[in-house]
Each structure stands twice: as C-alpha cells, then as structure tokens.
Amino acid sequence: MAQNNLEVGMRCIKYMLLCVTAIFVLTSALIISVGTTIYAIYHDVSFFLDSQLFSPATFIIVIGIIMLFVSLFGCVGALKESTCLVNIFAVILSLVLVLEISAAIAAYVLRAQVADMLDQNLRETLPFYYSNPEVEDGFDFIQSRLNCCGVDSYLDWADVPSNGHSGIVVSNMTVPYSCCAQTNYEIVGETEIQECLKLYASGCLPRITYLIYQSAGLLGAGALTIAFIQIIGIVFSFSLASAIRKAKSERERRRWEIQERMINAYTSLNPEKEQKPVVYVPFQGQATA
C-alpha cells in the first residue's frame, strides 16, 4: 500500500513538473520576445540613452535563452526519472532565479535614473541639431514617432540657430519639419508646396521618459513573474528527485524481499538440496613449492 502511494505521488509530481517545464518553454519564448522588443525600443532612441540602460534588456534575453535550454533537463529528467538530471535542472533554475531577481532590481534602479539622464542628454544635444547629422536623425526620429517637439515644447528651438538650414518658420524661429503635426499639400503649376498647419504642442522629454520608464517597469515585472514560476518549478524538481530516490530504494527493498522469499520457498520444498553455508577461513602461512 505504501509502495502504491509512493508511486502515485511520484507520478503526480512528475507530470506536474512536466507541465511546469512546458510553461517554462512558453515563458522563455515570451521573455525573449519582450526582451528583444524593449531592446529594439531602446535602440531606436539609443543616441539619448546611456549604454547601461541596455544591460537589463540584454540580461533578460540571455536568461530566456538559458531557460529554454534548461527546460530540456527537466523534461528528460522527469521522463527518465533521473535524479541527477532533475537535481541539475533544479540547481540551474535556482541560479537563473538569482539572475532574474538581479535583472529586476537593476531595471527598477535604472528606472529611477531615467528622467535626469534623458533631461541632461536632450538639452545638451539640442543645440547641435543643425551641425551634427546624428543629433538631427535622433531628434527627427523621436519627434515624428512620439508626436512631440523640442525638449519641453517647440519654443526650445528658439535658442537653436538654424545656420541657413530650411525648416518651419514660426515667430522668427526655425522649427524642424519633424515637428509638424498637420501638413497641407498644394500644387502650384508643376510644383508641390508643403505647408505645415499645426505643430506638436508637447515636448519630447515627458514622452520619451514615459516610454523608457514603462519599458523598464515591464522588464522588472516580467522577471519577477518568471521568478515566481521558477520557484514552483524548483520545489517540484526537488520533490520529484526525493520521490525518485525513495521509489528506487523501495523497489530495491522489495526486489530483495522477493528474492529472499523465492529462495526460502525453494529450500523448504527441497530440503535435501539446501546448501550449507560455506565458511572461508583465511590461509595463514606460506605455500611450499
């Protein structure tokens, strides 16, 4: 009865571990997708970001790839009822859990530094818009994609000399074409004339800060969610390893008992063939030729 209960318990733990491992595969693919998406978002505005902000996203992608391969240990170990593979799976999961918690903490710490860092970078690079092609491309990208203009508003461009470059002239200042929110096209003769009717009113600093802030928060929340699932997997893994050890020990004990019973039954039915125990006495002395 105890053996049957142990077998049933081990089977339940094994199938539950297989289910958790399957969830790991799905969540690994999900976390890789989230990490690559956020990395792509950071890359689009990378000119205004410090390189350290890319670390959590890269970290999450690496963790997802590791979890994808580690899941194989759990599947194979559970199917083959291998104590070694299941223990390896649990230990690696524990290490990855520590890495995920570190990534979550790093994401939230960097999240608090985003506003000051972006404010400084945007204000320092804005005056070089017309002289530096990289600054021009960077501002044009965020202004057109995030529907914003300048750092705080389009009035920031009043302090930026155009140096003869073309743009939208508003109140004796030149604003880049990427700040235009509404455009009207007219054809005069064979020439198409583009006229900006409305500028983006919001500045880019709050928009890009919110974008990075939310992305870092998503990274941290994703890492903590996966960490919770991993804790369940670690518990199931160690439980399955313990159950496998107990089941193997119980099987060996029962095999030994069956063998003893068969020998006793055979000797009771054939007493004349009962073998007397042989006692080996160690030889003392030296053999002579």
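**Core contacts and disulfides**

Modeller: In this predicted model, Leu-122 touches Phe-48, Phe-139, Ile-142, Val-151, Leu-205 and Ile-208, leaving aside residues up to four places away in sequence.

Biologist: What makes these residues count as touching Leu-122?

Modeller: Contact requires heavy atoms within 4.5 Å, and each of the six listed partners of Leu-122, Ile-208 among them, is in contact with Leu-122. Leu-122 is also one of the residues that touch the most other members of the largest nonpolar core, which has 55 residues. Helix 5 (204-269) is among the elements that each supply at least two residues of this core, and helix 5 gives the most, with twelve residues.

Biologist: How do you know that Cys-148 and Cys-204 form a disulfide?

Modeller: Their sulfur atoms are 2.0 Å apart, and the cut-off is within 2.5 Å, so the pair qualifies as a disulfide. Cys-148 lies in the loop between helix 4 and strand 1 (168-170) and Cys-204 in helix 5, so the link ties together parts that are 56 residues apart in sequence.

Biologist: Why is the link between Cys-149 and Cys-179 called a disulfide?

Modeller: The S to S distance is 2.1 Å, and the limit is within 2.5 Å, so the term applies here too. This pair links distant parts of the chain, with Cys-149 in the loop between helix 4 and strand 1 and Cys-179 in the loop between strand 2 and strand 3 (180-188), 30 residues apart.

Biologist: Why is Cys-179 called buried?

Modeller: Buried means under 20% relative accessible area, and Cys-179 has 0%, so the word fits; Cys-149, also with 0%, is buried as well.

How values were computed. Residues are numbered from 1 along each chain as its sequence is written. This is a predicted model: local features need pLDDT of at least 70, side-chain atom pairs count only at pLDDT 80 or more; totals for chains, interfaces and linings use all residues. Side-chain values use heavy atoms; hydrogens and water are left out. A nonpolar core is a set of buried Ala, Val, Leu, Ile, Met, Phe, Trp, Tyr and Cys residues joined through side-chain atoms within 4.5 Å. Buried means under 20% relative accessible area, exposed over 50%, partly exposed in between (1.4 Å probe, protein chains only). Helices (H or I, at least four residues) and strands (E, at least two) are DSSP runs, numbered from the N terminus.
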